[in-house]
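Here is a short report on one protein model. Keep the structure open while reading.

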Amino acid sequence: MAEFQLVMPKMGESIAEATIIKWTKNEGDTIAQDETVLEIATDKVDSEVPSSYAGILVKKLFKENDVVPVGAVIAIIADNSEASVTENKTPEPVKEAAAGLESKVENIADSIKPALSGNRFYSPLVLNIARTEKITMQELENISGSGAEGRVTKRDIIAHIENRGNSKAGKVGGNIEGENKSETIANLQTPNIQTSKPQTTQPQATSIQAPKVTSMAGDEIIEMDRMRKLIADHMVMSKHVSPHVTSFVECDVTNLVRWRDKVKSSFEKKEGEKITFTPIFIECVVKAIKDFPMINVSLEGTKIIKRKNINIGMAAALPTGNLIVPVIKNADYMNLVGLTKSVNDLAHRARQNKLIPDDIQGGTFTITNVGTFGNVMGTPIINQPQVAILAVGAIRKKSAVIETPEGDMIAIRSMMFLSLSYDHRVVDGMLGGSFLRKIGDYMEAWDVNREL
C-alpha cells in the first residue's frame, strides 16, 4: 500500500509558518484527490489545504491551534485502492498501514520536536532568532509571551534582546529535572527557514499597563476573533514603532467625477467591469510616487530600503467588520483598465474570503477610503513596514471659489479631503506635504475628455 506525506504548503515568499485552525478530516476518513483536509491561517488570511492524493488519512501529526512551519509534514495518507471502509469500523488496511507507519511518524515528529522544546511551543521564527542571538533555553522560557496561550512572538523576543543588557537573564543557567537548560538554541536542529535579522527599531518592552476594566450589570462580553486580535496587535505595534504625523489637503475633483459619470456605462459594456473611484485614485497615487519615490520606502534600523516596485494596498472592510489589505502588485505597470480589473477582483475575493496569503503580501503604500462610510477625513495608522498611508474622504458638493479668465467666482463643486499619515523618522513635513499635494494636483487635473 502506497503512503504519502501531506506537507504544510508554501503560501508566500515571506510566510514561514501557519496555524492549523480546523481539521475537516479525521483519522480513518477517506479522502478524494483535491479534497480539503484541513484549514489553516496565516497573518489575516484563512486557507484550505487539499490533498494531492486520494486515500485514507492514517495519522494527523498536529492538533488544531498548533503553529506549523512551511514544508513540515502534517499528516500521513495511505492509498486506499484495496481498502474497504465500513460504518463505525476502522478498515484493516488502515490498521496495517498505521502499524507500519508508527516508526516513520515518530521520526517525522522528531524532526519538528525542536519547535516544541522546553515547557511551551516556540515557532521556528522565534527559535531562529534565539539561535542567532545565542539565547539559552532557560532564558527563552523566562520570556513573557504575548501570543496565544502565552506563546512567545517575534516582537516579544526582539524586545527581550533589546533589554538584555539591562538584566542578567542572558546569563542564567542551571539544570532542570536533570536536563542542562543552559544549552543554547543554536544546538537545536530547527527547520531550515530563512529569517531576516531582527530590526533594532522595534519597540522595547514597556511597563505601561492597560487599565483594568470591571464588568457591570447588563454588559455583554465578546471575545475577539483571531483576525481582530491580529489587527489590534498590528495597530499597537505600528504606533509604537513609528511617530505618526498626518497632513491634509482639500481637492476639487469635479472633472474626475464628471468623467466617471460620463464613461461608467460604456466602460462596463466594453470591459465587463464597473469602474469605481478607487482605481482612479490609485493611478493618481502611482504618478505621485514616481515624483516622490522616497515615500515608497521601508526602514530597517538605520537603513532606508527604497522600493523598486510600486505595490498599492487597498484597505477593504469585510462583512465581519474586520479589515484586510489586499495588494495590487506592480501598479505602475497597469493602465486604468488593468487597475479596475485588479481592484474589482481583489475586492470580490476579499468579501468571499477567497484571498490567498500572497494577495496581502508585499505592499509598499496603502490607500484607505474612509469616504465609504460617509466620513470626510481620517487619520489612518501606517501599515508596517510601510512609511505612509493615504485616506480619501467622502466626495461632497459644496460652494467653492474658482478662478476663471473673467475673474473669481463661486460655484458648486465636488470637493474631497485627502489625509496622509506618515512616519516622521524618514518622512518630514516637506516631503509628506508635497507628496500629498501632488496627489491632489493629479486628481484636480483629470481630463474630462479622456478616452477609455
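Among contacts in the protein chain between residues at least 6 apart in sequence, what percentage join residues at least 24 apart? The figure is 65%. Note that this model is predicted.

**Whole chain**

The protein chain holds 9 helices and 21 strands. It has 452 residues, and 43% of them count as buried. Its accessible surface is about 24,200 Å², with 49% belonging to carbon and sulfur atoms.

**An open sheet**

Start with the strands. An open sheet is formed by 4 strands, ordered 1-8-6-3, with antiparallel pairing. Strand 1 (3-7) and strand 3 (30-31) are its edges, each pairing on one side only. Strands of a sheet pair through backbone hydrogen bonds, in a parallel or an antiparallel sense. Here strand 3 joins strand 6 (residues 55-60) over 2 bridges, in the antiparallel sense. Threonine 30 faces isoleucine 56 of strand 6.

**Two phenylalanines**

Two phenylalanines are worth setting side by side.

| Residue | Element | Relative accessibility | Class |
|---|---|---|---|
| Phe248 | strand 11 (residues 244-252) | 39% | partly exposed |
| Phe267 | helix 6 (residues 254-271) | 1% | buried |

Phe248 belongs to a nonpolar surface patch of about 230 Å², together with Val376 and Met377. Why is phenylalanine 248 classed as partly exposed? Its relative accessibility is 39%, so it lies between the 20% limit for buried and the 50% limit for exposed.

Phenylalanine 267 counts as buried because its 1% relative accessibility is under the 20% cut-off. Which residues does phenylalanine 267 touch, leaving aside its neighbours within four places in sequence? They are Gly272, Glu273, Ile275, Val337, Thr340 and Leu452. Leucine 452 is 185 residues away from phenylalanine 267 along the chain, yet their C-alpha atoms are separated by 7.5 Å.

**Helix 8**

Val337 and Thr340, both among the contacts of phenylalanine 267, lead to helix 8 (residues 336-351). This helix has 16 residues. From first C-alpha to last, helix 8 reaches 22 Å, close to the 22 Å expected at 1.5 Å a residue.

Which residues of helix 8 are buried? They are Leu336, Leu339, Thr340, Ser342, Val343, Asn344, Leu346, Ala347, Arg349 and Ala350. In an α-helix there are 3.6 residues a turn, so residues three or four places apart point the same way.

What covers the buried residues of helix 8? The cover includes helix 6 and helix 7 (277-291). Strand 14 (312-314), strand 16 (323-324) and strand 17 (327-328) are also included.

How values were computed:
Residues numbered from 1 in each chain as written. Predicted model: local features only at pLDDT ≥ 70, side-chain atom pairs only at ≥ 80, totals over all residues. Heavy atoms only, no water. Pairing = 2+ DSSP bridges. Patch = residues over 30% accessible without salt bridge, like charges linked within 9 Å, V, L, I, M, F, W, Y side chains within 5 Å. Areas by Shrake-Rupley, 256 points an atom, 1.4 Å probe, with all protein chains shown as cover. Salt bridge = Lys/Arg side-chain N within 4 Å of Asp/Glu carboxyl O. Buried < 20%, exposed > 50% of the residue type's maximum accessible area, 1.4 Å probe, protein only. Contact = heavy atoms within 4.5 Å. Expected span 1.5 Å × (residues − 1).
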